[in-house]
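Trainee: I have this model open and would like a close look at one part of it. Could you walk me through a single strand and what surrounds it, residue by residue?

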Amino acid sequence: MVGFVALALFLMNGIAGDAFAQGKAGQKKTPLVPERNWQVLFSGQPTKRKTVIPLDKFPVLANDTLEFVGPRPGDAYQLGKFKTDGQWGIQGGLVRRIAGANAALTLAEAEDFELEGRINAESVGGWFWLLGWKDGNGYGLYNITFKKSGSPWFATEFEDHDALNSGEELHKYRWKGEQPFWLSVENKKLNLKVGKQTAVIRDMPLPNYQRGQIIVGTYDTRYGAKDVQIRSLRIRLPPKKK
């Protein structure tokens, strides 16, 4: 993750202009489309200030209209009936949920991609990733951290905003503190690595995967939503095979 600080200063100084699909004044921002080189989505520096700063200078987009029905609509732990009611912002140098419980953030739009950064997802509650999300279709990867029963990960496919199965349980992996992570989809296969060595998901098939949005979000459970704290994110297309 070399170069994050320099690139963050570049962005914070407002020099980036329209480089990250922010558009001209008065135009609606559109999701970033990754290139072969790393593109910074967010990189923050620690601060004791409690003031909430908007995400306007970064290419990530608040998703205020996201709705879907999880694998078990009556079970809050299994995504329930998700409808955005929350907001994200920058506080203490971190991107985090600052209001509500069901909050979603669109990071980019891509088919194959590599996404990496540093996240703290240690707290109890629920959070999710949507991959290849387009018109309510795509794949969901979600994680619940219980107080006493571990931290299982699940995956499901969506069609027309509804989960198509009851949620495939993958592994239990409890996120501890702020850790580096690497998430990728390539050739319709999903991989997730946390820390230096832990492969949470390895070559999971996504047979109906297509280009769409990459979304990260939190969702309400009986413990509330997970307090996800994002220190840095960057994205690129997978390197060309030699």
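Mentor: Happy to; we will follow strand β8 and then step outward to the rest of the protein.

Please keep in mind from the start that this is a predicted model. As for the overall setting, the protein has 1 helix and 18 strands. Of its 242 residues, 52% are buried. Among contacts with a separation of 6 or more, 65% join residues 24 or more positions apart. Strand β8 itself covers residues 113–120, and it gives us several good examples of such long-range partners.

Let's begin with E114, which lies in strand β8. Is this glutamate buried or exposed? E114 counts as buried because its relative accessibility is 9%, and the cut-off for that label is under 20%. Its surroundings come from well beyond its own stretch of chain: leaving aside neighbours within four places in sequence, E114 is in contact with W38, W182, L183, S184, R234, I235, R236, P238 and P239. One of these partners is worth selecting in your viewer. S184 is 70 residues from E114 in sequence, yet their C-alpha atoms are 4.4 Å apart.

Another of those partners, R234, leads us to the next charged residue of interest. R234 belongs to strand β18, which runs over residues 229–236. With a relative accessible area of 10%, R234 is buried too. Which side chain does R234 meet in a polar contact? The partner is E116, and the two side chains are joined at 2.7 Å. So R234 touches E114 and also makes a side-chain polar contact with E116, while counting as buried because its relative accessible area is 10%.

Now move along to I119. Apart from residues up to four places away in sequence, I119 touches W127, W129, W175, G177, E178, Q179, F181, V228, Q229, I230 and L233. I119 is also a member of the largest nonpolar core, which holds 45 residues. Within that core, L107, F113, L115, I119, W129 and F181 touch the most other members. Strand β7, residues 103–110, gives the most to this core, with 5 residues. There is also a second, separate core of 17 residues, which includes F68, L130, I144 and Y219.

At N120 we are still in strand β8. N120 is buried, since its relative accessible area is 17%. A polar atom of the N120 side chain lies 3.1 Å from the backbone nitrogen of E122. Beyond the residues up to four places away, N120 touches W175, G177, E178, D227, V228 and Q229. Of these, W175, G177, E178, V228 and Q229 also appear among the contacts of I119.

With the strand covered, let's look at the empty spaces. The largest pocket has about 420 Å³ of space. Of the 21 residues that line this pocket, P31, N63, T65, T106 and Q213 are the closest to its centre. At least two lining residues each come from β2 (61–62), β7, β9 (125–134) and β17 (212–219). By class, the pocket lining divides into 5 nonpolar, 8 polar and 8 charged residues.

How many cavities of 30 Å³ or more are there? The count is 1, and the largest cavity has about 30 Å³ of space. L131, Y139, G140, L141, A155, L190 and L206 line it. Strand β10, residues 137–145, supplies the largest share of that lining, 3 residues. The cavity lining has 6 nonpolar, 1 polar and no charged residues.

Finally, here are two backbone details to check if you colour by torsion. Most residues other than glycine have a negative phi. D135, though not a glycine, has a positive phi of about 55°. D135 sits in the loop between β9 and β10, and is exposed, with a relative accessible area of 60%. D203 also has a positive phi, about 50°, without being a glycine. D203 is found in strand β16, residues 198–205, and is partly exposed at 42% relative accessible area.

Definitions and conventions. Residues are numbered from 1 along each chain as its sequence is written. This is a predicted model: local features need pLDDT of at least 70, side-chain atom pairs count only at pLDDT 80 or more; totals for chains, interfaces and linings use all residues. Side-chain values use heavy atoms; hydrogens and water are left out. Helices (H or I, at least four residues) and strands (E, at least two) are DSSP runs, numbered from the N terminus. Buried means under 20% relative accessible area, exposed over 50%, partly exposed in between (1.4 Å probe, protein chains only). A polar contact is a pair of N or O atoms within 3.5 Å; within protein, one must be able to donate a hydrogen and the other to accept it, and residues adjacent in sequence count only if both atoms are side-chain atoms. Contact means heavy atoms within 4.5 Å. A nonpolar core is a set of buried Ala, Val, Leu, Ile, Met, Phe, Trp, Tyr and Cys residues joined through side-chain atoms within 4.5 Å. On a 1 Å grid over the protein atoms alone, a cavity is a set of points where a 1.4 Å probe fits but cannot get out, and a pocket is an open set with protein on both sides within 12 Å along at least five of seven lines; lining residues have an atom within 4 Å of a point. Grid points are joined across faces, edges and corners, and a volume is the space filled by probe spheres set on the points. Ala, Val, Leu, Ile, Met, Phe, Trp, Tyr, Cys and Pro count as nonpolar, Asp, Glu, Lys and Arg as charged, and the others, Gly among them, as polar.
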